[in-house]
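Thanks for sharing this one with me. Here are my notes, point by point, for you to follow with the structure open beside them.

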Amino acid sequence: MQFVLDYLRHRLTAKSRHGTHSPFVYKLADEVIYNFEATQDAQIIEKQRKKLLNDDRYITVTDLGAGSHLDKDNRKQIRTIAKNALKKPALAQLLYRLARYNAPGSLIELGTCLGITTAYFAKACPDAAITTIEGCPQTAAVAQENLNAVGCGNVQLLTGNFDHIFPELLKSTERLDFVYIDGNHRKDATLAYFNMCLPKVHEHSLLIFDDIYWSQGMKEAWQEIKNHPAVTVTVDLFWIGLVFFKKGQAKEHFKLKY
C-alpha cells in the first residue's frame with residue numbers, strides 16, 4: 001500500500017520535459033527519456049524475453065539481497081522469474097537509451113537476473129567493456145544462455161556476493177563511466193555501493209539506482225545519495241534514480257514522469 005501511495009504522490013508532483021528548466025535535463029528528457037523509437041535490438045531481445053515467459057524449467061534461487069515482495073519460495077520456474085523480476089520492456093529500453101546516449105567505455109551492472117537488461121546494455125554499447133554480477137549461480141547460468149542467444153559477446157558475467165566481488169572489481173577499474181545498481185535492495189548495502197563508486201566517478205559518470213521506492217530504507221538511501229556533496233544532478237523517475245556528477249552544475253533534483 002505504501003508503494004502505491006508513493007507512486008501516486010510521485011505522479012502528482014513529477015514534471016514532464018516541458019516543466020524542466022535545466023538545459024541538461026531537458027535535453028536528456030527530450031532525446032533519451034521520452035524517445036520511444038523502436039529499435040531492432042529491442043525486437044531481438046524481446047523475442048528472447050517471450051521464450052523466458054514460456055520456460056517451464058525450475059531453478060533454485062540463491063537470494064543474497066532483500067528478496068522479492070511477491071514470491072519467497074527459493075525454487076522457482078524461470079517463467080515466474082521472467083514475469084515478476086525482469087524489468088518491463090519500457091524500462092529496459094529506457095536503460096538501453098541511457099547507455100547508448102552516454103556511450104560509456106565501461107559499464108557495470110549489479111544484479112544480472114536472467115540477463116535481459118544486460119543484453120540491452122550490451123546491444124546499446126557494443127564497444128564497451130561490460131561486467132555484470134549475479135549472486136545466484138543458477139540464475140547466472142540462465143542469463144548466460146540468454147546473452148549467448150542474442151549475440152552479446154562483450155559481457156563478462158561474474159557470479160557471487162556483490163559485497164565481495166564489487167570491491168575487487170573496482171580495484172582493477174580506473175574510472176567508472178556507467179554503473180547500474182539493481183540488487184540487494186537494502187539501505188546499508190545501497191549506500192555502501194554508492195560510496196565504493198565515489199573515488200572512481202568523474203564528471204561524465206552516471207550511476208543508476210533501481211527501486212528507489214522499494215522500501216523505507218531505500219527511500220532513505222536515495223535521499224542520502226541526493227544530498228551527497230559530490231552529486232550535482234539527480235533525476236527521480238520513480239522506478240529508477242539517475243545520479244550525475246557534472247562539474248560547474250548547480251545542485252538540482254528533478255522528478256520526471258515515466
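1. Let me begin with a serine. At 61% relative accessibility, Ser 172 counts as exposed, because the cut-off for that class is over 50%. Please keep in mind that the model is a predicted one. Ser 172 sits in the loop between α8 (162–171) and β6. Its side chain has a polar atom 3.0 Å from the backbone oxygen of Leu 169. If you want a distance to check, take Ser 172 and Val 150: they are 22 residues apart in sequence, and their C-alpha atoms are 28 Å apart in space.

2. Now for an alanine in helix α7. Is Ala 143 buried or exposed? Ala 143 is buried, as its relative accessible area is 0%. From Ala 143 to Thr 112 the C-alpha to C-alpha distance is 7.1 Å, with their positions 31 residues apart in sequence.

3. Helix α7 (residues 137–149) also carries Glu 145, which takes part in a contact with another part of the chain. Glu 145 forms a salt bridge with Arg 57, and the closest N and O atoms are 3.1 Å apart. The two partners are 88 residues apart, and Arg 57 belongs to the loop between α3 and β1 (58–60). Arg 57 counts as partly exposed, at 39% relative accessibility. Glu 145 falls in that class too, at 38%. Both values lie between the limits of 20% and 50%, so neither residue is called buried or exposed.

4. How many salt bridges does the structure hold? There are 13 salt bridges. Another one of them joins the side chains of Glu 224 and Lys 187, at 3.5 Å from N to O. This pair also links distant parts of the chain: Glu 224 is in helix α10 and Lys 187 in helix α9 (residues 187–197), 37 residues apart. Glu 224 is partly exposed, with a relative accessible area of 42%. Lys 187 is partly exposed as well, at 24%.

5. A salt bridge within one helix is worth a look too. Glu 46 and Arg 49 meet through their side chains, at 2.6 Å from N to O. Both residues lie in helix α3 (residues 40–52), three residues apart, which is about one turn of the helix. Glu 46 is buried, and Arg 49 is buried too.

6. Helix α10 (residues 216–227) has a further charged residue to inspect, Lys 219. Lys 219 is buried because its relative accessible area is 18%, and the cut-off is under 20%. The side chain of Lys 219 makes a polar contact of 2.9 Å with that of Asp 6. A network of salt bridges links Asp 6, Arg 9 and Lys 219.

7. Helix α1 (residues 2–13) includes Val 4. Val 4 counts as partly exposed, at 44% relative accessibility. Together with Met 1, Leu 5 and Leu 8, Val 4 forms a nonpolar patch on the surface. The accessible area of these residues together is about 420 Å².

8. Next, the rings. The count comes to 15 aromatic pairs. One of them is formed by Phe 121 and Phe 178, with 5.5 Å from centre to centre and 70° between the planes. This pair is edge-to-face, because the angle between its planes is over 60 degrees. Where in the chain do Phe 121 and Phe 178 lie? Phe 121 is in helix α6 (residues 116–124), whereas Phe 178 is in strand β6 (residues 178–181), 57 residues apart. Phe 121 and Phe 178 are both buried.

9. Two more ring features complete my list. Phe 3, Tyr 7, Tyr 213, Phe 238 and Trp 239 make up one aromatic cluster. Elsewhere on the list is a charge over a ring: Arg 75 lies over the face of Tyr 58, at 4.2 Å from the ring centre.

Definitions and conventions: Residues numbered from 1 in each chain as written. Predicted model: local features only at pLDDT ≥ 70, side-chain atom pairs only at ≥ 80, totals over all residues. Heavy atoms only, no water. Phe/Tyr/Trp six-rings, centres within 6.5 Å; stacked < 30°, edge-to-face > 60°. Helix = DSSP H or I, 4+ residues; strand = E, 2+ residues; numbered from the N terminus. Buried < 20%, exposed > 50% of the residue type's maximum accessible area, 1.4 Å probe, protein only. Lys NZ or Arg CZ within 6 Å of the ring centre and 35° of its normal. Patch = residues over 30% accessible without salt bridge, like charges linked within 9 Å, V, L, I, M, F, W, Y side chains within 5 Å. Areas by Shrake-Rupley, 256 points an atom, 1.4 Å probe, with all protein chains shown as cover. Salt bridge = Lys/Arg side-chain N within 4 Å of Asp/Glu carboxyl O. Polar contact = N/O pair within 3.5 Å; in protein donor to acceptor, adjacent residues only side chain to side chain.
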